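I opened the notebook to go through one protein chain, beginning with its charged pairs and then turning to its fold and its surface.

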Amino acid sequence: MRLAVLTSVVAIGALCAPAALAGTKVLVKTRTYNIAGTTGAALIEAMDRSGPKHGFMTHAIAQTGYSVDDWTFDAHQENGVCRLRRPTGRSISSIPIPN
C-alpha cells in the first residue's frame with residue numbers, strides 16, 4: 001500500500017513538472033523487514049529490534065536515505081547572472097519499512 005502511494009506521488013510530480021526535471025531520473029527503492037506481534041506495543045518493540053540501524057546501538061522504525069548520482073550541467077553567464085543549462089542527474093531514495 002505504501003509503495004503504491006509513494007509511486008503515485010512520484011509519478012504525479014514527474015508529470016506536473018517535466019521542464020523542471022529536464023534530464024533527471026528519480027529511483028525509489030523500498031525494502032521491507034519482517035515483524036510480528038499481537039499488540040501495538042509488541043509491533044513497536046519488533047520494529048525497534050529489526051528496523052534499520054540509527055546510530056551505533058539503536059534502531060529506527062523506518063528511515064529514508066537518498067543520494068544524487070551522475071550530476072552534470074552546463075553553466076554560463078548571461079547579463080551578469082550565472083545560469084545552468086541542461087541539468088541531468090539521478091536521485092535515488094531508499095526506504096526500509098516494516099512488513
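Before counting anything, I fixed the rule: a salt bridge is a side-chain nitrogen of Lys or Arg within 4 Å of a carboxyl oxygen of Asp or Glu. I also noted that I am working from a predicted model.

**Entry: charged pairs**

How many salt bridges does this rule give? I find that the count comes to three salt bridges. As background, side chains of opposite charge can pair when their charged atoms come close.

I looked up Glu-45, which forms a salt bridge with Arg-49, and the closest N and O atoms of this pair are 3.3 Å apart. I placed both Glu-45 and Arg-49 in helix H3, which runs over residues 40-50, and they sit four residues apart, about one turn of the helix. I then checked the accessibility of the two partners: Glu-45 is partly exposed because its relative accessible area is 48%, whereas Arg-49 has 54% and therefore counts as exposed, the cut-off for exposed being over 50%.

Next I took Arg-90, which forms a salt bridge with Asp-69, with 3.5 Å between the closest N and O atoms. This pair links distant parts of the chain, since Arg-90 belongs to strand S5 and Asp-69 to strand S4, 21 residues apart. I noted Arg-90 as partly exposed because its relative accessibility is 30%, and Asp-69 as partly exposed too, with a relative accessible area of 25%.

I then went to Arg-86, which forms a salt bridge with Asp-74, the closest N and O atoms being 2.4 Å apart. Here again the pair links distant parts of the chain, with Arg-86 in strand S5 and Asp-74 in strand S4, 12 residues apart. Arg-86 has a relative accessible area of 56% and so is exposed, while Asp-74, at 33% relative accessibility, counts as partly exposed.

**Entry: fold of the chain**

I counted three helices and five strands in the protein chain, and, reading along the sequence, I wrote down the pattern α-α-β-α-β-β-β-β. I also looked at how contacts are spread along the sequence: of those between residues at least 6 apart, 50% join residues at least 24 apart.

**Entry: buried and exposed**

What share of the 99 residues is buried? I recorded 13% for the protein chain. The chain exposes about 7500 Å², of which carbon and sulfur atoms supply 61%.

I picked Ser-93, in strand S5, and asked whether this residue is buried or exposed. Ser-93 is buried because its relative accessible area is 18%, and buried means under 20%. Leaving out residues up to four places away in sequence, I found that Ser-93 touches Leu-27, Val-28, Lys-29, Gly-65 and Tyr-66.

**Entry: nonpolar patch**

Tyr-66 came up again on the surface, where Tyr-66, Val-68, Trp-71, Phe-73 and Leu-84 make a nonpolar patch of about 590 Å². Which strand gives the most to this patch? I found that strand S4, residues 65-78, does so with four residues. Leu-84, for its part, is found in strand S5, residues 81-98, and I noted Leu-84 as exposed because its relative accessibility is 52%.

Technical notes
Residues are numbered from 1 along each chain as its sequence is written. This is a predicted model: local features need pLDDT of at least 70, side-chain atom pairs count only at pLDDT 80 or more; totals for chains, interfaces and linings use all residues. Side-chain values use heavy atoms; hydrogens and water are left out. Helices (H or I, at least four residues) and strands (E, at least two) are DSSP runs, numbered from the N terminus. Buried means under 20% relative accessible area, exposed over 50%, partly exposed in between (1.4 Å probe, protein chains only). Contact means heavy atoms within 4.5 Å. Accessible areas come from the Shrake-Rupley method with a 1.4 Å probe; for residues, only the protein chains shown count as cover. Patches are made of residues with over 30% relative accessible area and no salt bridge: like charges are joined within 9 Å, nonpolar side chains (Val, Leu, Ile, Met, Phe, Trp, Tyr) within 5 Å.
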